[in-house]
Amino acid sequence: MNKNISVVPALFRKEPLLSRKMAYAFYKLGLTKLKSRHDYGYNHLKNLCLMYFKLTPLCNLHCVMCGQFGDKGIMKGKIASEAAKTIVSLERYKEIVDEIAPKKPVIYLWGGEPFLYPDLMPLAKYMVGKGLFVSVNTNGTLLEQHAEQIVRDKWSTIFVSLDAFQDVNDSIRGNGSYDRVIRGFEAINREKARQKSNLPFLGVVTTVTNKNYLYLDKLAEASREWNLMVHMFNLGTYTNDGIIERQKRFMKEKLDTDIDCLQGYNTGYNQNIDAQRLYDILQTIHHTDYGHPTITVPALNPEKIHQYYHDLETPVRNHCIVPWCQTNINWNGDVHFCADYPDFILGNIKEQSFTEIYNGDRANRFRKTVHESEGGMFPGCLRCYQNMLFGKKIKGF
Ligand SMILES: C[S@@+](CC[C@H](N)C(=O)[O-])C[C@H]1O[C@@H](n2cnc3c(N)ncnc32)[C@H](O)[C@@H]1O
Ligand code: SF4
């Protein structure tokens, strides 16, 4: 499979300034790897390279494998509209942006569906105005009506989730969602041409499940038309009852925390994936020129793909560095390290400054617990997307 880092220089040759911002984030990622993990007096803000803002607890889709709103999603059945009353205000976010902007982290806006945060447009514009690299991860169904302003405001990148071509995509993400995304791409590309702008770069993220893995090449074929910067295949986050139990016990014992976030990924959509067929399809994709790079996360030795899906207990990455260089702010202002798992809350930005939280006792307690855990990760981190991106490759995988 492609070495993921190898595509980075190609991504941004059109926009040197943006390229420098991305390179600076990678530089800090590198620094984090060098830095001693148990220096708890360190100003960790220095290495902050990536900040996720999960802007809203609302979504307009219910994609089957989604840990939040899917078949087993933890937000499913909850009164999301009640939760939405506690979202962080634009004014407070602007203060946080002022606080972190000098450190120049890459910003990743997501959700739920970020277009359902009522002030997405002014917030993203403010972040871009502060010189930040602003990336938005969206289901793309609401792109079309915002295209003119998105291009005018110079968002850096938009990662749109699409899981397959037309009907198969819609069986996962909801009827009509594919066509709405395509209309969104067309609108963005039209506006980029009209406003003579390279920005935003468009990317597609495809989450691999047993429902779509046989059809990935058809989606890749269709993607020729969309003027993409990259197409990313995410092998998916999966877990099982045993891992959930171990993680629950671990979090209670070590961090005195009750968790319910991991069970959203106990979907079974990893089952019955024929690893050889998936590998062949990914190889065909990686060796075909669609006009943009294609990458797979995590990039695995082909012999290990079967293990990735069918032996969830075996780690493929470890020694996660996320708590030393990244963080997520949840829709209600809670800060936690692992973007997909709102488990151990470090503090809340409605009550404290971000710096206090990020360098605070709870953050250091979490870092220490990770550092001292077997393999530098928790039992529940085995297929975590961030660990796949920012963990250490285990020999042979
Ligand atoms: C939770 S969504 C939030 C942003 C937006 N609503 C969207 O769909 O792009 C973020 C990303 O997670 C992906 N995702 C959903 N379920 C997943 C799973 N079980 N494993 C890995 N990624 C998943 C989505 O496809 C999307 O690319
Ligand atoms: S659109 Fe995104 S947040 Fe909404 S259900 Fe699908 S993957 Fe989950």
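Visitor: How do the residues of the shell around ligand 1 divide into nonpolar, polar and charged?
Guide: There are eight nonpolar, eleven polar and one charged. Bear in mind that this is a predicted model.

Visitor: Which residues surrounding ligand 1 are the closest?
Guide: Met65, Cys66, Asn139, Ser161 and Thr237 are the closest of the 20 that surround ligand 1. Two elements, strand 3 (134-138) and strand 5, give two or more residues to this shell. A residue joins a shell when its C-beta atom lies within 6 Å of the molecule.

Visitor: What makes up the shell around ligand 2, by class?
Guide: Five nonpolar, six polar and one charged residues. The residues around ligand 2 include Cys59, Cys63, Cys66, Gly111, Gly112 and Glu113. Cys counts as nonpolar and Gly as polar, while Glu is charged. Asn139 and Ser161 are also around ligand 2, and both are among the closest residues to ligand 1.

Visitor: Why is Ile107 called buried?
Guide: Ile107 has 24 C-beta neighbours inside 10 Å. The cut-off for buried is 20 or more, so Ile107 counts as buried.

Visitor: Where is Ile107 found, and what does Ile107 touch?
Guide: Ile107 is in strand 2. Leaving out residues up to four places away in sequence, Ile107 touches Met51, Phe53, Met127, Leu132, Phe133, Val134 and Ser135.

Visitor: How far apart are the C-alpha atoms of Ile107 and Leu235?
Guide: They are separated by 23 Å, with the two positions 128 residues apart along the chain.

Visitor: Which residues have the most contacts inside the largest nonpolar core?
Guide: Met51, Ile107, Tyr108, Leu109, Ala124, Val134 and Leu202, in a core of 107 residues. Strand 2 (residues 106-110) supplies the largest share of this core, five residues. In soluble globular proteins, nonpolar side chains tend to be buried together.

Visitor: Why does Asn210 count as partly exposed?
Guide: Asn210 has 18 C-beta neighbours inside 10 Å. Buried needs 20 or more, and exposed means 12 or fewer. The value falls in between, so Asn210 is partly exposed.

Visitor: Where does Asn210 lie, and what does Asn210 touch?
Guide: Asn210 sits in the loop between strand 5 (201-207) and helix 9 (216-222). Apart from residues up to four places away in sequence, the contacts of Asn210 are Tyr269, Asn270, Gln271, Asn272 and Ile273. The C-alpha atoms of Asn210 and Gln271 are separated by 6.5 Å, although the two are 61 residues apart along the chain.

Visitor: How do you know that the buried residues of helix 10 line one face?
Guide: The buried residues are Ile243, Gln247 and Met251. Seen down the axis, they fall within an arc of 65°, so they line one face of helix 10. Turned away from that buried side are the exposed Asp241, Gly242, Arg249, Lys252 and Glu253.

Visitor: What span does helix 10 reach, and what is expected?
Guide: Helix 10 (residues 241-255) has 15 residues and reaches 20 Å from first C-alpha to last, close to the expected 21 Å. Just after helix 10, Asp256 takes a positive phi of about 50°.

Visitor: What puts the buried residues of helix 2 on the same side?
Guide: Met22, Lys28 and Thr32 are buried in helix 2. They cover an arc of only 110° around the axis, which puts them on the same side. The buried residues pack against strand 2. On the other side, Pro16, Leu17, Arg20, Tyr27 and Leu34 are exposed.

Key. Residues numbered from 1 in each chain as written. Chains lettered and ligands numbered in written order. Predicted model: local features only at pLDDT ≥ 70, side-chain atom pairs only at ≥ 80, totals over all residues. Helix = DSSP H or I, 4+ residues; strand = E, 2+ residues; numbered from the N terminus. Contact = placed C-beta atoms within 7 Å. Core = buried A, V, L, I, M, F, W, Y, C linked by C-beta atoms within 7 Å. Arc of directions from axis to C-beta. Expected span 1.5 Å × (residues − 1).
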